[in-house]
Amino acid sequence: MHILLTRPLEDSKELILRFSSLGHKVSHLPVIKVKPIIHDEPEYKKFKGIIFTSSNAIKNLSLNNINKKIKCFCVGSATEKVAKQNGFQNIISAEGNVNNLKELILQSFNPNNGSLLYVSGEVISSKLDRDLIAEGYTIERLVDYTVASIEEMKEEFRTELVSSIPDIIYVYSENSAKSLLNLLKKYDLLDNWKNTNLMCLGEKASAILNEIKWKKIFLFNSGEEEFLLYKI
């Protein structure tokens, strides 16, 4: 099969290698780029837990002064992996779903135990901090990155794409979905996907791309990409 990945290269390398090793053709079209946001370092000692809803939140945070034994809540396996690589030892993962992450926090962290630091990007699809505050938690949100759309597609890549439309495309966020849609409109490629399966990380991303006619649309959690290959 021909698979198109749309995350930045750093986040796609492992999947590119894995899918290629399985004999699939893999194309890479990053539709967003991550930009760090300058911020003051948090007073880590006052927090009893930390929440990450993306791996980029970890990558753009200075972690030298944080106790790696702090209770660390991650939205999914990809974020959990980066947390482990950065030394966190007490990780609880929700397997890719913010609603599940909220439930895990409610079940495993007593709000009377102290404050939580929620580290995220500038744009978030779920108001996790607001929902937890409504449940009696003390939350401080730190925004340490933003994303910008990639607005150009190289002519050589576009020609190759049109000559071999992918069987599967993976889209990981609302921002990615919006950027991808704008690229396809800009280069008059909206009508090329009727035989392509769209894989979206969440309903909000898939809703943005609903105006395009796809073969099928699947929702998935991070870490399930290979599993989806066997569903089509």
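**Exercise 1.** In this predicted model, decide whether Thr-6 is buried or exposed, and describe the surroundings of Thr-6.

*Solution.*
- Step 1: The relative accessible area of Thr-6 is 0%. Buried means under 20%, so Thr-6 is buried.
- Step 2: Thr-6 sits in the loop that joins β1 to α1.
- Step 3: Beyond neighbours within four places in sequence, Thr-6 contacts Leu-29, Pro-30, Val-31, Ile-169, Tyr-170 and Val-171.
- Step 4: One polar partner can be named: the Thr-6 side chain comes to 2.6 Å from the backbone oxygen of Tyr-170.

**Exercise 2.** Give the strand order of the open sheet of 5 strands and find which strands lie at its edges.

*Solution.*
- Step 1: The order is β2-β1-β9-β10-β11, with parallel pairing.
- Step 2: An edge strand pairs on one side only, and this holds for β2 (25–28) and β11 (216–219).
- Step 3: On average, neighbouring strands of the sheet are turned by 20° against each other, direction ignored.
- Step 4: For detail, take β1 (residues 2–5), which pairs with β2 in the parallel sense over 4 bridges. Within this pairing, Ile-3 has Val-26 of β2 as its bridge partner.
- Step 5: Helix α1 (residues 9–21) lies across β1, β2 and β9, and runs at about 170° to β2.

**Exercise 3.** Describe the largest nonpolar core and state which element gives the largest share of it.

*Solution.*
- Step 1: This core has 24 residues, and Met-153, Val-171, Leu-180 and Leu-209 have the most contacts inside it.
- Step 2: Two or more residues each come from α6 (155–163), β9 (168–171), α7 (174–186), β10 (197–200) and α8 (203–208).
- Step 3: The largest share, 5 residues, is that of α7.
- Step 4: Not counting residues up to four places away in sequence, Leu-180 touches Leu-29, Val-31, Ile-169, Val-171 and Leu-209.
- Step 5: Another core, of 20 residues, lies apart from this one; Ile-58, Leu-61, Leu-63 and Tyr-145 are among its members.

**Exercise 4.** Test the radius of gyration of the protein chain against that of a compact globule, then add the overall figures for the chain.

*Solution.*
- Step 1: A compact globule of 232 residues would have a radius of gyration near 17 Å.
- Step 2: The protein chain has 19 Å, so the two values agree.
- Step 3: Along the principal axes, the C-alpha atoms fill a box of roughly 60 × 35 × 35 Å.
- Step 4: The chain contains 9 helices and 11 strands, and 47% of its 232 residues are buried.
- Step 5: Of contacts between residues at least 6 apart in sequence, 60% join residues at least 24 apart.

Note on methods:
Residues are numbered from 1 along each chain as its sequence is written. This is a predicted model: local features need pLDDT of at least 70, side-chain atom pairs count only at pLDDT 80 or more; totals for chains, interfaces and linings use all residues. Side-chain values use heavy atoms; hydrogens and water are left out. A nonpolar core is a set of buried Ala, Val, Leu, Ile, Met, Phe, Trp, Tyr and Cys residues joined through side-chain atoms within 4.5 Å. Buried means under 20% relative accessible area, exposed over 50%, partly exposed in between (1.4 Å probe, protein chains only). Contact means heavy atoms within 4.5 Å. Two strands pair if DSSP finds at least two bridges between them. Axes are lines fitted to C-alpha atoms, for helices over the stretch in contact, and angles run from 0 to 180 degrees between N-to-C directions. A polar contact is a pair of N or O atoms within 3.5 Å; within protein, one must be able to donate a hydrogen and the other to accept it, and residues adjacent in sequence count only if both atoms are side-chain atoms. The radius of gyration is taken over C-alpha atoms; the globule rule is 2.2 Å times the number of residues to the power 0.38.
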